[in-house]
Amino acid sequence: MIAVALLALVLGLAVGSFLNVVIHRLPRKESLVHPPSRCPGCEQPVRPYDNVPVLSWLVLRGRCRHCAEPISRRYPLVEALTGLLYAAVVLARWDEPVDVALGIALVTLLVPMTFIDLDTRTIPNVLLAPFAVLAPVIALALDPDLLPELLLSGAAAFAAFLLVALASPKGMGMGDVKLVGVLGLYLGRAVAPAIFAGLIAGVLVGAVIMGRLGAQAGRKVAVPFGPFLALGAVLALFVGEDLVDSYVDTF
C-alpha cells in the first residue's frame with residue numbers, strides 16, 4: 001500500500017505541474033498544450049530538467065535560470081498539494097478502488113478550480129463539464145450499484161443551490177450551483193457534510209474580514225465561495241461517510 005501511495009504521490013506531482021498550466025491558461029482561453037511552458041519574463045522555453053515538480057523550483061531558488069525572473073511560489077504549492085492529496089486518497093481508500101478513482105479525479109478538478117476561482121471569481125464550464133461526465137463513467141465501470149446514489153446526490157445538491165441562487169442572485173453564482181452538483185456526483189451522500197463544512201469555513205472567513213475592515217466595508221469584499229466548497233469536499237473525501245453514518249445512527 002505504501003508503494004502505491006508513493007506512486008500516487010509522484011503521479012500527483014506530475015499532474016500538478018500540468019494543473020499549473022491549466023490554472024494559468026484556461027481563463028485566458030489559451031491552448032493547454034501549445035506552446036510549451038516558457039518564462040513570462042524572457043520567454044525562454046522551460047527545459048525538461050527545469051520542469052521537475054517542486055525540486056526544480058527549489059534548485060533554482062524560485063527564479064528563471066536565464067533571466068532570474070521570480071517564479072511564483074504557487075507553482076510548487078500546486079504540485080505538492082496535488083501529489084499529497086493523491087497519496088492521501090490512496091492511503092485512506094485503499095480497499096475501495098471506486099473511491100480511489102473518484103477521489104483522485106475529484107482532486108484533479110478541485111485544485112485548478114480553486115485557484116481559478118480565486119484569480120477570476122469564476123468557475124469555467126469547460127472545467128466542470130468533463131468531470132461531471134467522468135464521475136458516472138467511473139462508477140459505472142467500477143461499481144454500478146453506486147451510480148444511483150451519485151446521480152441522486154448530484155441532482156439534489158444542484159437543485160438546493162439553484163433555489164438559493166434564484167432567491168438571492170447576488171449571494172450565489174451559477175458556477176457554485178454547478179460545482180455542488182458535480183461534488184454530489186463524486187461524494188454521494190457525503191456531499192451534505194462537504195457543503196456544511198464549506199459554509200462554516202465561508203462564514204468564519206467572512207467574520208474575520210468584517211472584524212478587520214468593519215461590517216460595512218467587509219460586506220463589500222467579494223470572496224469566491226468555490227474554494228470553501230473545495231475545502232469541504234476534501235474533508236468529505238476522508239471523513240464524510242463517517243459523519244453521515246454517525247448522524248444517521250444518532251437520529
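Here are some questions and answers about helix packing, salt bridges and a few single residues in this predicted model.

Reader: Let's start with the salt bridges. How many turn up in a search of the whole structure?

Author: To count here, a Lys or Arg side-chain nitrogen has to sit within 4 Å of a carboxyl oxygen of Asp or Glu. Searching the whole structure on that basis, the number of salt bridges is two.

Reader: Which residue does aspartate 119 pair with in a salt bridge?

Author: Aspartate 119 sits in helix α4, residues 97-120. Its partner is in helix α3 (residues 74-92), 45 residues away in the chain. The closest N and O atoms are 2.7 Å apart, and the partner is arginine 74.

Reader: Is that aspartate 119 buried, partly exposed or exposed?

Author: Buried means under 20% relative accessible area and exposed means over 50%. Aspartate 119 has 43% relative accessibility, so the label is partly exposed.

Reader: And arginine 74, buried, partly exposed or exposed?

Author: The relative accessible area of arginine 74 comes out at 26%. The buried class ends at 20% and the exposed class begins over 50%, so arginine 74 is partly exposed.

Reader: Where does arginine 189 lie, the one that meets glutamate 241?

Author: The side chains of glutamate 241 and arginine 189 form a salt bridge, at 3.0 Å from N to O. Glutamate 241 belongs to helix α10 (residues 226-250), and the two residues are 52 apart in sequence, so the pair ties together separate parts of the chain. Glutamate 241 is partly exposed at 25%, and arginine 189 is partly exposed at 34%. As for where arginine 189 lies, that's the loop between α7 (174-187) and α8 (191-213).

Reader: On to packing. Are α4 and α10 roughly parallel or roughly antiparallel?

Author: The two helices, α4 and α10, pack at about 160°, with their axes 9 Å apart. Angles over 145 degrees fall in the antiparallel class, so α4 and α10 are roughly antiparallel.

Reader: Is the crossing of α4 and α10 left-handed or right-handed?

Author: On the α4 side, the residues that meet α10 include Leu106, Leu110 and Met113. On the α10 side, Ala230, Val234 and Leu237 are among them. The crossing of α4 and α10 is left-handed.

Reader: How do the residues of the contact of α4 with α10 divide by class?

Author: Gly103 and Thr114 of α4 are part of the contact, and so are Asp117 of α4 and Gly226 of α10. Gly counts as polar and Asp as charged. The division is 10 nonpolar, three polar and one charged.

Reader: What about α5 and α6, what classes of residue make that contact?

Author: Helix α5 (residues 125-142) packs on helix α6 (residues 147-167) at about 160°, with the axes 9 Å apart. The two are therefore roughly antiparallel, and α5 passes α6 in a right-handed crossing. Pro136, Ala139 and Leu140 come from α5, while Leu147, Leu150 and Leu151 come from α6. By class, that's no polar, no charged and six nonpolar.

Reader: Is serine 17 buried or exposed?

Author: Serine 17 is found in helix α1, residues 2-25. Leaving out residues up to four places away in sequence, it touches Asn51, Pro53 and Glu79. Its relative accessible area is 16%, and the cut-off for buried is under 20%, so serine 17 is buried.

Reader: Last one: which residues does leucine 91 contact, beyond its neighbours within four places in sequence?

Author: Leucine 91 lies in helix α3 and counts as partly exposed at 41% relative accessibility. Setting aside those sequence neighbours, its contacts are Met1, Ile2 and Ala5.

Conventions. Residues numbered from 1 in each chain as written. Predicted model: local features only at pLDDT ≥ 70, side-chain atom pairs only at ≥ 80, totals over all residues. Heavy atoms only, no water. Axes fitted to C-alpha atoms, helices over the stretch in contact; angles between N-to-C directions. Helix = DSSP H or I, 4+ residues; strand = E, 2+ residues; numbered from the N terminus. Parallel < 35°, antiparallel > 145°, perpendicular 65-115°, else oblique. Left-handed = near helix turned anticlockwise from the far one by under 90°. Contact = heavy atoms within 4.5 Å. Buried < 20%, exposed > 50% of the residue type's maximum accessible area, 1.4 Å probe, protein only.
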